[in-house]
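Biologist: I'm new to this one. Could you take me through a single part of it up close, the salt bridges and the strands around them?

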Amino acid sequence: MKYCRFQLNSQSHYGLVESVAGREAITRLLLTAPEETSGDMEDLATKRMDHIPLADASLLAPVRPSKIVCVGRNYREHAEELGNEVPAEPLIFFKPPSSLLAPGENIRRPRIAQRTDYEGELGLIIAKTCYQPAAEEDLRPYILGYTCVNDFTARDLQNKDGQWTRAKGFDTFCPVGPLVTDEIDPRVGVGVETRVNGQLRQQGNTRDFIFPLDVILRYISQAMTLLPGDLIATGTPKGVGPVVAGDVVEVSVEGVGTLRNPVVDE
Ligand code: MG
């Protein structure tokens with residue numbers, strides 16, 4: 001099942017996304033926010049509505065997380081391209097929810113940053129409260145679905161500050177969407193690609209994660225309670241690089257779709 005969040009008549013709604021005559025369209029309203037259902041998307045109540053082609057909808061960020069937890073250096077070749085050691089355990093950091101950005105909206109480059117980079121990533125959305133699950137517990141019920149994330153970064157400030165809160169946390173630095181799906185399995189492997197102005201810059205696959213999803217979930221939830229709707233960005237493949245005003249960044253996750261955002265100067 002796939003869903004998005006969108007604006008209609010000045011109100012935000014969640015909508016079921018289905019293929020209609022070969023095109024994705026919003027076909028039904030979801031009557032409950034998916035993150036409030038504690039788990040199974042298939043149980044969501046829906047209401048009939050006039051179909052809206054996904055390409056014509058006013059999409060919003062499909063998640064409203066209490067926190068965004070990111071994993072750094074989760075692909076070997078990306079760790080190496082920035083001259084970093086391959087980590088022995090997951091490296092995690094936060095982006096603030098105020099950095100969320102809807103599909104299609106402008107990423108604003110701050111005046112105080114010299115270099116701003118895209119980082120295309122698979123995003124995971126939490127289905128139900130997760131805190132220190134038992135070692136033998138199946139973690140799949142804790143996962144509501146997956147989406148595309150751009151972990152946009154002020155690279156010069158990341159290097160200068162010593163910690164990453166400012167460099168990763170500017171408003172508009174977390175584009176996410178266009179929809180959430182539970183129909184892919186990153187454990188088997190899904191492609192993650194980033195294009196700038198149509199040119200391929202990153203091409204990875206989740207089967208090359210240094211730390212698989214279960215390891216990441218256990219590591220984070222050892223420290224903090226993950227709440228329904230929380231977003232986890234799972235790390236970026238090699239090929240990160242700078243963008244400037246006028247560029248358009250597209251992050252594509254196989255089976256999810258493409259998250260497209262123009263870059264502008266503040
Ligand atoms: Mg990242």
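Modeller: Start with a network of salt bridges that links Lys95, Arg115, Asp117, Glu119, Asp151, Arg155 and Lys168. Keep in mind that this is a predicted model. One pair to pick out of that network is Lys168 with Glu119, whose closest N and O atoms are 3.4 Å apart. Lys168 belongs to helix H3 (residues 165-169), while Glu119 sits in the loop between S10 and strand S11 (120-126), so the salt bridge ties together parts that are 49 residues apart in sequence. Both Lys168 and Glu119 are buried.

Now look at S10 itself. Strand S10 covers residues 116-118 and pairs with S13 in the antiparallel sense, over two bridges. Follow Thr116 across and you get to its bridge partner in S13, Ala154. Step back and you have an open sheet of three strands, in the order S13-S10-S18, with antiparallel pairing. Strands S13 (153-154) and S18 (241-242) are at the edges with a single partner strand each, so each has one side without a neighbour in the sheet.

On the other side of S10 in sequence, there's another salt bridge to check out: Glu266 meets Arg111 at 3.8 Å, N to O. These two are 155 residues apart, with Glu266 in the segment after strand S20 (257-265) and Arg111 in the loop between strand S9 (107-109) and S10. Glu266 is partly exposed, at 46% relative accessible area, and Arg111 counts as exposed at 65%.

Back at helix H3, Arg166 forms a salt bridge with Asp161, with 3.0 Å between the closest N and O atoms. Asp161 is partly exposed at 26%, and Arg166 is too, at 36%. In total, the structure holds 17 salt bridges.

Key. Residues are numbered from 1 along each chain as its sequence is written. This is a predicted model: local features need pLDDT of at least 70, side-chain atom pairs count only at pLDDT 80 or more; totals for chains, interfaces and linings use all residues. Side-chain values use heavy atoms; hydrogens and water are left out. Two strands pair if DSSP finds at least two bridges between them. Helices (H or I, at least four residues) and strands (E, at least two) are DSSP runs, numbered from the N terminus. A salt bridge is a side-chain nitrogen of Lys or Arg within 4 Å of a carboxyl oxygen of Asp or Glu. Buried means under 20% relative accessible area, exposed over 50%, partly exposed in between (1.4 Å probe, protein chains only).
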